[in-house]
Amino acid sequence: MGPSTSADFAKIFEDDKLRILIVGAGGREHALAWKLDQSPKVDQIFVAPGNGGTEFGRKTVSVNIGIEDFDGLVAFALKSGVNLVIPGPEQPLVDGIEGAFRQVGIPVFGPSVRAAAMEGSKTFSKDFMARHDIPTASYRNFRDHAAALAYVSSVDHPIVIKASGLAAGKGVLIPTTTEEAVEGLRQCMVSKDFGRAGDEVVVEEFLTGQELSILAFSDGYTALALPGAQDHKRIRDGDTGPNTGGMGVYAPTPCATKEVEEEIMRTIVQPTIDGMRRDGMPFVGMLFTGVMLTPTGPKVLEYNVRFGDPETEALMALLSPSTDLAEILLACVERRLDCVKLEMKKEFAVTVILASKGYPGPYTKGVEIQIGALPENVNVFHAGTTLKDGKVVTAGGRVLAVTATAATLKEAQTLAYKGVDCVHFDGMTYRKDIAYRAFLESEKAVEGFTYASAGVSIDAGNDLVNRIKPIVKATKRIGSDSVIGGFGGLFDIKAAGFRDPIIVSGTDGVGTKLKIAQNYGKHDTIGIDLVAMSVNDLIVQGAEPLFFLDYFACGKLDVATATDVVKGVAAGCIESGCALVGGETAEMPSLYHGDDYDVAGFAVGAVERELLLPVAGIAAGDVILGIASSGVHSNGFSLVRKIVDAHSFSLATTVPWNPTKKLGDELLTPTTIYVKQLLPAVRLGLIKGLSHITGGGFTENVPRVLPKGVGCWIDADAFYFLPIFRWLMQLGRVAPEEMARTFNCGIGMAVVVAKDKVDEVMKMLKESGTAEVYRIGEVQDGEGCEMRNLEKWSEHAAAASV
């Protein structure tokens, strides 16, 4: 029987009160309980096992159950009506606590055991980043001690050694000499200082720059990040002494500007969430990413799969009063994070950790703690404490986290240390310089900014201009000046011999073929592609290319790379008969990272009015000729890269059909330029229409030149199906129909001619250029492009060697 009154209906839509179980015993867990206690949605908070501070108010109590006792925790949760679990430390997550509660129907704000491997195994996470193109330090994984020794003895750059497994935040070694690296490997892999965590190690490039902690809520689809925080790992002031679990933190950090945080979300956090979902392990919980702001852009240091400690203590204090933490956590487990709002106070927070004497080495427990009256906006979160005979005593290395918030960072720092002065216990150890790096950066800023300090080198730009001037000059043709460095390029169309011209323009790029060039380190052919893509689009309209302009954009200008690209542009201009009259080089550190760059080109041509293509008389019975391509040209590379990456092929691999050629060289074979091969026939009016076979292959491009009501057929067996396409088709199990609408498959230009002109045009095309010419199809009534004999491609692909 359903509800009968408005009161009954109202009860249906009442929010269930949350009874939350927080698993853990540190300052992080106390800070979470403190913030959740403020939520009207929360009825009860249990902290297991809790500490000397996690029993307060009317909602929050400690429960004496260990974090590893899953059976005990589950039994307690069922008995106590718990409907949300929040694991604090990483170990329970890596051990599968999420699955233990999922089996009894209790949601967990935390990842599955598979997703938790992002923290549980550094080798797993590094391989994930490589697979999904997420920026991180270069690395090698080792299980064999001898192989690791040989590697660290051979490298000539600074390294970091990381125990792959969980090591309580202490499994990272930063050797400054080869001898220290050898000793670090011995500690990890031989003497087992970090236990089984050191069975496998990651040896990676040492990154320099400012370090950030980025904590982001996630429901597996959406990510909402908290402000960037900066931890202080070393035990002593000035970042000296041994590593610890963290001696203090401040947030937000001046180096985490809006632009930097947006870049981190765009290039790291969201791609990580998307990649984990695609890999079948959607991430629900708190993704804590350690990021280094390197000179070439943000890079991942490591992933953690839970709230950070001490970051949580500072960030919880910065959540605005209107932000309900319980609502955010609930939205994550219910996969509706995009529906909630996260707001922060417009303030700063500083957290100072008070540690036991001797930490991070051996320390004494049971020391009585006294906490006096605290200043306003200061909170003390308990970490390594417990209650003994009614008194709070030390029970761990990191004992308390004193957190203060204020309108400025300096005020927050001052207030935090006033809070520290209110706490007393024997042997109390703490750093006196938390947030010092922020003030160092402020002092640098006072010295004044320059364009170079913003990452832009005018000197490098001038060097590039000087290097390419003679290259550009070589492209000069009648009508052009081909002198760069002015405000614009000039072209005298009358001097070029035109009577009644129509101006035709085209612009293009080279797509993700750029990634092949960048990964393979070969840049001298990309410029040819850039010119080819634009001038081939001009010739299809009957236009002779006159001049070309290029655009080169990068994060940091590498003069040698840019020069190689422009050399290619010049070579393409010479081959197509157009002048390189100018260009733009843009150095934009905030938009491009590392060695990444992008290029674009703009070509202008002219055609006498009566020779404009296509002509109006294309009709059924006309013949379609095909001029051979040199390879993949510049389209379809997203699919090419997916196929190559899926089979882990190196660009340095030799291709099966040519033992003298590497895969990288094959894929970077320049796009054929058809201008000089076609112009003689175009000028004589022998060609009725042209179609440049680019993205969309035959089925999308050939119909573009045909009038309404007219279609065509193409014989797939009438021309040479290039080995690169046979290989890609077999390797990627690509259907022939997909090949026909994605790649050129061996024909880069389709030529429509009258049937009685076929022999004459074929003879002229062969005399004017080196690319093979085939008779590949005919124009017919109807619409679209009918592909015939596609089964022949399947036969060729099946016979191809991979």
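This report describes a helix contact and several salt bridges in a predicted model.

**Two packed helices**

Two packed helices are described by the angle between their axes and the distance between the axes. Here, the axes of helix α2 (residues 27-36) and helix α12 (residues 325-333) come within 8 Å of each other and cross at roughly 105°. Because angles of 65 to 115 degrees count as roughly perpendicular, α2 is roughly perpendicular to α12. On the α2 side, the contact is made by L32, K35 and L36, while α12 contributes L325, A326 and L329. By class, this contact has five nonpolar residues, one charged residue and no polar ones.

**Salt bridges**

The model has a count of 37 salt bridges. Three of them are set out below, each with the separation of its N and O atoms.

| Pair | N to O distance |
|---|---|
| R336 and E334 | 2.6 Å |
| E544 and R477 | 3.0 Å |
| R499 and E610 | 2.9 Å |

The residues E544 and R477 are parts of different regions: E544 lies in strand β25 (residues 544-554) and R477 in the loop between α15 (458-473) and β24 (501-508), so the pair ties together parts that are 67 residues apart in sequence. E544 is buried, with a relative accessible area of 14%, and R477 also counts as buried, at 16%.

The pair of R499 and E610 likewise links distant parts of the chain, 111 residues apart. R499 lies in the loop between α15 and β24, and E610 in the loop between β27 (597-608) and β28 (623-628). Both R499 and E610 are exposed.

R336 is partly exposed, at 25% relative accessible area, and E334 is partly exposed at 42%. These two residues also belong to a network of salt bridges that links K41, E327, E334 and R336.

Methods:
Residues numbered from 1 in each chain as written. Predicted model: local features only at pLDDT ≥ 70, side-chain atom pairs only at ≥ 80, totals over all residues. Heavy atoms only, no water. Axes fitted to C-alpha atoms, helices over the stretch in contact; angles between N-to-C directions. Helix = DSSP H or I, 4+ residues; strand = E, 2+ residues; numbered from the N terminus. Parallel < 35°, antiparallel > 145°, perpendicular 65-115°, else oblique. Contact = heavy atoms within 4.5 Å. Nonpolar A, V, L, I, M, F, W, Y, C, P; charged D, E, K, R; others polar. Salt bridge = Lys/Arg side-chain N within 4 Å of Asp/Glu carboxyl O. Buried < 20%, exposed > 50% of the residue type's maximum accessible area, 1.4 Å probe, protein only.
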